Structures are given as structure tokens and as C-alpha cells.
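Let's walk through this one together, starting with how the protein chains meet and then moving on to the DNA. Keep the viewer open as you read.

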Number of protein chains: 2
Amino acid sequence: MDQIDRWIVRALQKDGRMTVTELADKVGLSPTPCARRLERLQRDGVITGYSATVDPAKLGLSVSIFVSVELEKQDRAAVDAFEQAIRRCEEVMECYLMTGSRDILLRVVAADLTAFDAFLENRLMKIPGIRNLRSNFALRTMVRRDTLPA
Amino acid sequence: MDQIDRWIVRALQKDGRMTVTELADKVGLSPTPCARRLERLQRDGVITGYSATVDPAKLGLSVSIFVSVELEKQDRAAVDAFEQAIRRCEEVMECYLMTGSRDILLRVVAADLTAFDAFLENRLMKIPGIRNLRSNFALRTMVRRDTLPA
DNA sequence: GGTGAAAACAGATGCAT
DNA sequence: ATGCATCTGTTTTCACC
């Protein structure tokens, strides 16, 4: 991972559909070594995929809700089981294991509060081992960035 | 936005580098109307861009920290000013205006706790109008999804 | 890492349905 | 609004320096 690799990663985060030719031009390399580097970055798991960025509101998913989950047990097995279960919930866009009381933090997207309520009742609360939940609603997304700092 | 449009959006979230030809094949359309639909989806702001998905750890950015910010004033002007300032912080990957006490929630990425401390001191706390901060650390990212639910 | 070739492919256009 | 066929331009890939 030298400076050129970082540049490639940065450029492809800004425009994931850029061709290798354009990319090579942008980083000051000829297409061949640029393609070789890109291949290596993908193979090494630095770049794990490519995705279209979509406006959730345009899909009718205008609310984000952060849910703090406290598990009854906080050992490895309990956390693993929860992870497997939460992975199947498509509404959960992000899930973090937090420090402190080993809380788990979710960001959930939903069409509206009714839909979120349905998610809580039918999906989240069906997962065993949850001691309690606390939901916090986002009024608005102020910033969303998909390019990591240099 | 009919069913085919949703399918296009879904497919491009899963693979943002898919060509129009592949996409057309996948949604059961010929390339021409498929390209037209894609153009429209981009023009209407449903698809706002394309991005490579990068493993932050491979770039040495292994920690995510959630920071709750409470502003001194909570009026429109104060929130706007904060938004302008926070937009310039590359470490801030997400920023939400929350309900309740009109708290603001940030997700910040950093190399380690030292780097995060530097961010707090030199960047975040330089922004005027902040009453207090509360940081919560993520031990681990359990789930990250970039495809919105169908 | 660079160069040049060839082959493959995608994207655009025009017209018909 | 979709589909088909063609055409043009570009990209990717290869062998080799």
C-alpha cells in the first residue's frame, strides 16, 4: 500500500464506475500496472465491492432510527447468536458492538414510524436474549460520506 | 418507479460496476430501455453516485466512534452553522439531527484513540456553539450493508 | 512499470413495433 | 415505451521490453 494505491482507492470511492483507463490517467500510471494494482487491492480485500449510492427518501425509506440493544448475557456466544440473527434483517444498515455495558447499536431504515414499529415487533423483538431496547430517531441526515479520509 | 426500476436500483447497489448490458439482462430488458431508465434514475436523484466499498481497517482506520453533540442554541441558524462546519471534517462519515433535545449524532472514523483525541481537540471542539459532547466507542462493526431493503 | 497490438465489449443511434 | 441491429469508440487483455 503505497501512495498510488491510496490514490486509486480514493478515486474509486469518489467514482466507482471509473474505468481503469481513466483511473490510470488520474493516478499517473499507464493502464496495465494500474489494472494490476486494482486487481491486487481487490484480492487483498482493501476494495470489497462497488455500490450505487441511493437516496433512501426516493425509495420511500425516509427515516433512520438508532436502536441501542442490551443483551441479557454478554458473552461471546450470545453476541454471535445476535449477530447471526441481525444479519438477516435487511432494514438494519449498520450494527456495532459498543464498549461499556457491551451495548449493541443499530441503524435501522424504515418508511415511517408504523413500519419501524412493525420491524420492532416482528423482527427485532423476536430475537432471543434481548434485555432491553432504546430507540432514537433521526429527524434528518445532515452528512453522509462514502469516502474514507485519505 | 415501477418494479423494474426497483430491480435496477437493487442490482446496482449490489454491484455498482455492472454494465448496462449485464443489467439489462438481469432485469429482463434489452439494453436500450434499460439505459434510458438508468439515465432517468440518475437524473431524478434516485441514484446519486457510485462508490467502491473499502475495508476501513485495511486503510488503518479501525475504530468508529459515535459522538453525541448538544448545541447551545437549537435554532435553525445554529444547526445550519454546525452542519457547514461538520461537512468539512473528513473523519465524519455520518451526521444526523436527532429528535428529543435536538442532539446531533456523528459517526467518526479514526486510526486509534490518539487520532480520535486529536480530532476532538483540533477539529470538533473548534466548532463554536457546542454545549457538550459524549463519545461512545465501537469495539467492532458487526454488520454493514449498502443495499437498502427492497 | 511501460508499450503495442488484437480482440472483445460497451454505449449510442436509427428505425420498427 | 420497448426491441433489434448496426456501428463506432473504447477498454481490456495479452505478450513482450
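## How the two chains meet

Start with one pair at the protein–protein interface: Arg10(A) makes a salt bridge with Glu90(B), and their closest N and O atoms are 3.1 Å apart. Bear in mind that this is a predicted model. The rule finds 8 salt bridges across the interface of chain B and chain A. Polar contacts are there too, with 50 residue pairs found across the interface of chain B and chain A, both residues of each pair at pLDDT 80 or more.

Which parts of chain B supply the side that touches chain A? At least two residues each come from helix H1 (3-14), strand E1 (47-54), strand E2 (63-71), helix H4 (76-87), strand E3 (92-98), strand E4 (104-110) and strand E5 (130-144) of chain B. E5(B) gives the most to this side, with 9 residues. By class, the side of chain B that touches chain A splits into 35 nonpolar, 13 polar and 19 charged residues.

E5(B) also turns up in strand pairing between the chains: strand E3 (residues 92-98) of chain A pairs with E5(B) in the antiparallel sense, over 5 bridges. If you'd like one spot to click on, Leu97(A) has Arg140(B), in E5(B), as its bridge partner.

As for the overall contact, chain B puts in 67 residues and chain A puts in 67 residues. About 6200 Å² is buried between chain B and chain A, and carbon and sulfur atoms give 58% of that area. Arg17(B), Met142(B) and Arg145(B) supply 14% of the area that chain B buries against chain A, more than any other three residues.

## Over to the DNA

Around DNA strand C you'll find Leu29(A), Ser30(A), Thr32(A), Pro33(A), Arg36(A) and Arg37(A), along with Thr19(B), Val20(B), Thr21(B) and Thr32(B). Of the atoms of DNA strand C that come within 4 Å of the protein, sugar and phosphate account for 55%. Helix H3 (31-43) of chain A and helix H2 (20-27) of chain B each supply at least two residues of the surface near this strand. H3(A) has the largest share, 4 residues. In terms of class, the surface near DNA strand C has 3 nonpolar, 5 polar and 2 charged residues.

Now for DNA strand D. The residues around DNA strand D are Thr19(A), Val20(A), Thr21(A) and Thr32(A), plus Leu29(B), Ser30(B), Thr32(B), Pro33(B), Arg36(B) and Arg37(B). Here sugar and phosphate make up 63% of the strand D atoms that come within 4 Å of the protein.

Here are some individual atom pairs to look up on the two strands:

| Residue and its atom | DNA atom | Distance |
|---|---|---|
| Ser30(A), backbone N or O | strand C, phosphate oxygen | 3.2 Å |
| Arg36(A), side-chain N or O | strand C, base oxygen | 3.2 Å |
| Val20(B), polar backbone atom | strand C, phosphate oxygen | 3.1 Å |
| Val20(A), polar backbone atom | strand D, phosphate oxygen | 3.3 Å |
| Thr32(B), side-chain N or O | strand D, base nitrogen | 2.8 Å |
| Arg37(B), polar side-chain atom | strand D, phosphate oxygen | 2.6 Å |

For strand D, the elements giving two or more residues to the nearby surface are helix H2 (20-27) of chain A and helix H3 (31-43) of chain B. The largest share of the surface near DNA strand D comes from H3(B), with 4 residues. That surface has 3 nonpolar, 5 polar and 2 charged residues.

Note on methods: Residues are numbered from 1 along each chain as its sequence is written. Chains are lettered from A and ligands numbered from 1 in the order in which they are written. This is a predicted model: local features need pLDDT of at least 70, side-chain atom pairs count only at pLDDT 80 or more; totals for chains, interfaces and linings use all residues. Side-chain values use heavy atoms; hydrogens and water are left out. A residue is near a molecule or strand if one of its heavy atoms lies within 4 Å of it. A polar contact is a pair of N or O atoms within 3.5 Å; within protein, one must be able to donate a hydrogen and the other to accept it, and residues adjacent in sequence count only if both atoms are side-chain atoms. Ala, Val, Leu, Ile, Met, Phe, Trp, Tyr, Cys and Pro count as nonpolar, Asp, Glu, Lys and Arg as charged, and the others, Gly among them, as polar. Contact means heavy atoms within 4.5 Å. Buried area is the accessible area (1.4 Å probe) that two parts lose on being put together, summed over both. A salt bridge is a side-chain nitrogen of Lys or Arg within 4 Å of a carboxyl oxygen of Asp or Glu. Two strands pair if DSSP finds at least two bridges between them.
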